[in-house]
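The exercises below ask you to read off contacts at a protein interface and around bound ligands. Work through each task with the structure open, and then compare your reading with the solution.

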Amino acid sequence: MGFDSVLSDYRTNGNGGSELSVVRKKLVVVGNGMAGARVVEEILQRAPEQFDIVMFGAEPYGNYNRILLSNVLNGSQQATDIFINPLSWYRDNRIRLHAGVKVSHIDRRRRVVVGIPLKRDSLAYSANAESDDDASVIEEPYDHVIIATGSRPFVPPMEGFGAEGTFLFRTIDDCARIADFAKNCQRATVIGGGLLGLEAARGLLSHGVDVTVLEAGPQLMMAQLDPEAGDMLLKTIEAMGIHVRCNTITTKIARLGKRITHLEFRDGSTLETDMVVVSTGIRPITEVAMLSGLNVNRAIVCDDQMRTNDPEIFAVGECVEHRGQTYGLVDPIWEQANVLADIITGTNPDAAYYGSKLGTKLKVMGVELASMGATKPANDDDEVVVYREPARGIYKKLIVRGGQIAGAILLGDIESASTLTQMFLGNVAVPSRRADLLFGTPSGVSLLKASDLPDNAQICNCNGVSKKQIVEAIEVKGCQTVSKIAACTRAGSGCGSCKSLVAQILEACVGEVAYDPSEHYYVPGVPLEKSRLVSEIRNRGIKSVSEVFAQLADGREDPSSKVGLASLLKTLWPDEYEDERDARFINDRVHANIQRDGTFSVVPRIYGGVTSADELMRIAQVAVKYNVPMVKLTGGQRIDLLGIRKNDLPNVWKELGMPSGHAYTKAFRTCKSCVGTDFCRYGVGDSIDLAQKIERRFQGVESPHKMKLATAGCPRNCSEAYVKDLGAVAIEGGKWEIYVGGAAGGSVRKGDLLCTVDTHDDVLLYMGRFMQYYREHGKYLERTYGFLERVGIETLRQILVDDSLGICARLDAEIQRAVDAYHDPWQEAEIPAYPAQFSGPELAYALEVAENNG
Amino acid sequence: MAKAAVTTTVNLGSVNAIPLGQGRCYVVANQEIAVFRQRDGTLFATQNRCPHRQGPLAEGLVGSGRVICPLHAHQFNLQTGSGGEPEECIRVYGVQEIAGNIILNQSQF
Ligand code: SRM
Ligand SMILES: Cc1cc2nc3c(=O)[nH]c(=O)nc-3n(C[C@H](O)[C@H](O)[C@H](O)COP(=O)(O)OP(=O)(O)OC[C@H]3O[C@@H](n4cnc5c(N)ncnc54)[C@H](O)[C@@H]3O)c2cc1C
Ligand code: SF4
Ligand code: FES
């Protein structure tokens with residue numbers, strides 16, 4: 001068949017290896033599947049020169065990824081795509097591979113492994129696979145043997161299986177046979193409603209046959225699912241056009257001549273079909289071990305070092321029984337292969353395998369599915385948490401036992417699977433809010449405790465710092481504070497969201513975290529935390545950054561502290577603040593955002609995202625005249641002119657005739673809006689008018705970090721108001737909900753409801769109050785989402801709504817001062833604030849050239 | 001026997017062209033040079049382009065003899081040219097204020 005020729009490059013005649021050298025110990029591996037090949041890879045990694053390796057494989061190929069056979073059957077992958085170790089790999093690693101040769105037994109007295117070449121196209125895993133009579137027996141002497149014979153499909157007793165039209169599903173050749181036969185069939189039946197059966201059904205579907213799945217039990221995927229989930233999966237699968245019959249036991253495959261006509265069931269009913277694929281579980285392949293006199297129970301019995309009862313003979317994979325357990329998934333096999341490699345190479349004589357807990361993520365016919373541990377409660381005090389959403393085929397179930405996850409089923413949406421699996425495998429104590437387990441914490445904060453994570457777990461995703469590196473920084477380099485760790489490993493210096501984890505690790509290592517006052521300084525260069533700093537500045541009446549350094553930092557002008565101080569002073573003395581431009585970041589000196597190439601971007605203010613033909617024309621003219629390299633719509637509902645030269649800025653602004661959008665500074669940025677009542681059929685509040693009022697009022701107001709706002713005409717929230725620093729959402733009855741502390745940038749957080757009010761003016765009032773409080777109490781560069789996490793919405797409600805501290809009047813007055821102090825910075829286009837504010841590089845000429853012979 | 005050193009001396013004009021505490025970029029013989037005027041009056045001169053990704057150092061924040069690049073905040077010592085990041089440093093030039101003018105010495109050996 002054509003399929004055959006595709007694979008010819010992967011097939012061998014039997015001596016694909018290289019000549020042996022006498023000195024090395026000789027390792028013979030029986031079985032060339034996922035376990036056998038993996039363990040050899042592990043061994044080569046540890047000790048490339050230690051062994052001469054010989055491998056026997058009943059299949060006439062190099063090792064391939066059996067897991068992907070489903071894709072091969074449904075045609076989404078070529079058979080040739082799934083090879084993990086092509087024949088070249090064996091050659092390159094000087095491994096002699098006897099492919100298509102089946103080991104009959106190990107002669108332990110003579111210390112040789114005996115292999116018999118198989119007939120081409122014989123069923124590799126069958127107990128009585130036909131041997132190739134003209135080929136002679138192969139004997140390989142050994143020092144060590146590893147048995148990795150895997151398992152074979154199990155066929156329940158039924159009449160007529162084995163003859164034409166009946167198939168199993170385990171190897172590349174099986175896929176070829178099934179695909180080949182399906183060509184001339186209308187109806188196919190899969191016996192077995194487990195993972196593999198369903199995969200086979202999906203595969204057959206793609207060959208244009210009408211597929212029925214028969215399950216003996218009451219539900220699909222008994223091993224991984226509970227009845228309810230099984231039932232949901234059944235509906236999803238039937239929706240794909242596959243028929244399913246549960247509680248159906250096949251007794252006979254009936255034929256007319258050679259051809260299959262129908263199936264007969266125990267209940268007397270029948271089903272017409274042209275072909276049958278049986279996938280009803282697997283059985284470990286143990287003949288080799290038995291005939292060699294090794295202990296075999298359900299499978300080959302191994303100790304924690306993966307040794308059989310013969311110290312020179314090991315086993316690994318599905319053919320192993322360890323502590324009474326056998327496994328049918330790859331994860332445990334990878335663990336076994338690691339231990340075995342450690343032991344046999346002597347790299348770690350104490351290595352031991354203690355068995356695996358099973359957590360699996362599967363994709364069954366495109367349905368996402370994760371399952372681990374128990375599927376139903378066992379003890380009376382087991383706690384069961386269930387979430388159902390049949391409409392979207394989503395089902396989530398948790399079994400909590402003694403504060404830990406004893407089992408979980410996730411169907412349709414497996415977002416939280418990896419966290420759950422980590423917790424399940426690591427016996428991690430679960431949080432009290434069980435819902436967080438299924439949906440993640442509202443704040444998006446990780447549920448995992450650092451101490452539970454493995455050493456290689458990546459803690460800082462911005463800078464790719466592992467737990468191990470952090471522990472080293474603490475124990476070897478002696479970092480005793482989070483900031484020191486950041487300085488030395490960069491962990492936490494990115495988005496900062498991992499700092500809490502870093503702190504946890506630190507605690508775990510040094511017990512108490514050393515208190516580092518500098519972590520609480522408002523800016524690094526002035527040894528005061530914010531409230532002390534503020535009162536010092538107020539009491540001493542300090543109005544300029546240089547004065548702060550002079551009076552509070554004995555004259556040391558720390559450049560990295562300048563910007564923070566400037567923003568603070570501006571907040572404290574809106575109108576009296578002595579504005580020293582050198583204390584500003586370049587963006588704030590020239591009111592534009594510096595770009596990678598030293599040019600600048602210009603974002604004019606477009607109130608509430610509503611512009612006019614007239615404005616657009618002016619923007620267009622400027623873009624043409626200054627041949628602006630890029631004109632782009634921003635994520636903030638405005639227009640960005642990028643790539644403008646510094647000395648063009650003033651003219652660009654003049655000719656735009658629009659105020660600055662402050663897209664470059666730590667201040668009120670934008671207020672996005674949706675069309676609202678003006679046009680939208682759902683609108684219940686005038687979001688555009690409100691957005692424009694908000695933007696006119698608060699434009700340019702400085703704050704510890706950016707403030708980005710939005711208003712939505714209804715809870716459909718088209719303008720993303722729920723995830724803004726401040727958001728106003730119209731609800732029925734002409735009311736407005738005010739949300740604070742939302743985020744949808746580097747971190748994502750839904751804002752907390754501060755209060756619900758009746759009028760636009762009230763929205764402005766409470767928003768202003770919140771802004772002022774944030775301006776006074778937020779740490780420099782702390783976005784509102786961090787601020788809210790720190791302060792808490794209840795506290796804020798008491799202070800800002802119930803006026804528990806009696807400061808609301810003052811806050812309102814302060815923000816009013818800030819509003820009044822606003823002027824459009826782009827007016828500096830007319831009168832620059834200082835000489836050369838907008839000038840580019842200055843050309844200079846040499847005065848004199850002095851020769852000196854020194 | 002020491003070899004001859006050619007020192008080009010350049011008058012960059014009035015110090016007041018550089019606002020206190022800021023820097024400014026001058027082009028001398030096709031070379032971009034950043035001159036900084038710290039608040040205490042001290043002048044520094046260095047290459048203008050940051051070794052990291054060519055950020056314009058003249059636009060950076062200055063203080064206590066250090067400059068912070070405006071693009072990714074790498075820091076450099078204005079006296080010695082040594083940088084905060086391993087094997088990152090910048091070229092420094094002799095510069096002084098004479099009669100209100102910025103006098104830059106570019107020595108090539
Ligand atoms: C221009 C724009 C991208 C665009 O083309 O759409 C933009 C551009 C930049 N954003 Fe942004 N952000 C832009 C909308 C957003 C939005 C969406 C929005 O505003 O609704 C977000 C998510 C909301 C938010 O702010 O969290 C956003 C989250 C960020 C963040 C992450 C903030 C966080 O704490 O998660 C940064 C980094 C930072 O602020 O430290 C950032 C930083 C930047 C900077 C300023 C980086 C920098 O300092 O140079 C980018 C300047 C590029 C340039 O050279 O001009 N930008 N950025 C958008 C301008 C919006 C506007 O009209 O003012
Ligand atoms: C279609 C399909 C889908 C799967 N999907 C998943 C999945 O999504 N996730 C998951 O974790 N697991 C999955 N599995 C299971 C996974 O493939 C097996 O757990 C894994 O392959 C077992 O590896 P093994 O080496 O022990 O056995 P095998 O991979 O079967 O390797 C054993 C090899 O030894 C050979 N052999 C047997 N006897 C002899 C002998 N006497 N002499 C020489 N050679 C011999 C066999 O021919 C075979 O090539 C799937 C399996 C199939 C068939
Ligand atoms: S997401 Fe924002 S910060 Fe990042 S590259 Fe784009 S514009 Fe720049
Ligand atoms: S360019 Fe200077 S820090 Fe990156």
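**Exercise 1. Describe the polar and charged contacts between chain A and chain B, and say which elements of chain A take part.**

Solution. Begin with the pairs: eleven residue pairs are in polar contact across the interface of chain A and chain B, with both residues at pLDDT 80 or more, where a polar contact is a pair of N or O atoms within 3.5 Å, one able to donate a hydrogen and the other to accept it, and residues adjacent in sequence count only if both atoms are side-chain atoms.
Next, take the elements of chain A that give two or more residues to the side touching chain B, namely α17 (559–572), α18 (586–590), β43 (842–844) and β44 (846–852); helices (H or I, at least four residues) and strands (E, at least two) are DSSP runs numbered from the N terminus.
Among these elements, β44(A) gives the most, with seven residues.
Finally, apply the salt-bridge rule (a side-chain nitrogen of Lys or Arg within 4 Å of a carboxyl oxygen of Asp or Glu), which finds five salt bridges across this interface, including the one in which R39(B) and D582(A) meet at 2.7 Å, N to O.

The model is predicted, so local features need pLDDT of at least 70 and side-chain atom pairs count only at pLDDT 80 or more, whereas totals for chains, interfaces and linings use all residues. Residues are numbered from 1 along each chain as its sequence is written, chains are lettered from A and ligands numbered from 1 in the order in which they are written, and side-chain values use heavy atoms, with hydrogens and water left out.

**Exercise 2. Find how β43(A) pairs with a strand of chain B.**

Solution. The partner is β2(B), residues 22–28, and the two strands run in the parallel sense over three bridges; pairing requires at least two DSSP bridges.
To locate the register, note that L843(A) stands opposite V27(B).

**Exercise 3. Which side-chain atoms of chain A lie close to oxygen atoms of ligand 1, and at what distances?**

Solution. Take the three side chains in turn: a polar atom of K724(A) lies 2.6 Å from a ligand oxygen, one of T634(A) lies at 2.7 Å, and one of K632(A) at 3.1 Å.

**Exercise 4. Give the contacts of A35(A), E59(A) and V330(A) with ligand 2.**

Solution. The side chain of E59(A) places an N or O atom 2.6 Å from an oxygen atom of ligand 2.
The backbone serves in the other two cases, with an N or O atom of A35(A) at 2.8 Å and one of V330(A) at 2.9 Å from a ligand oxygen.
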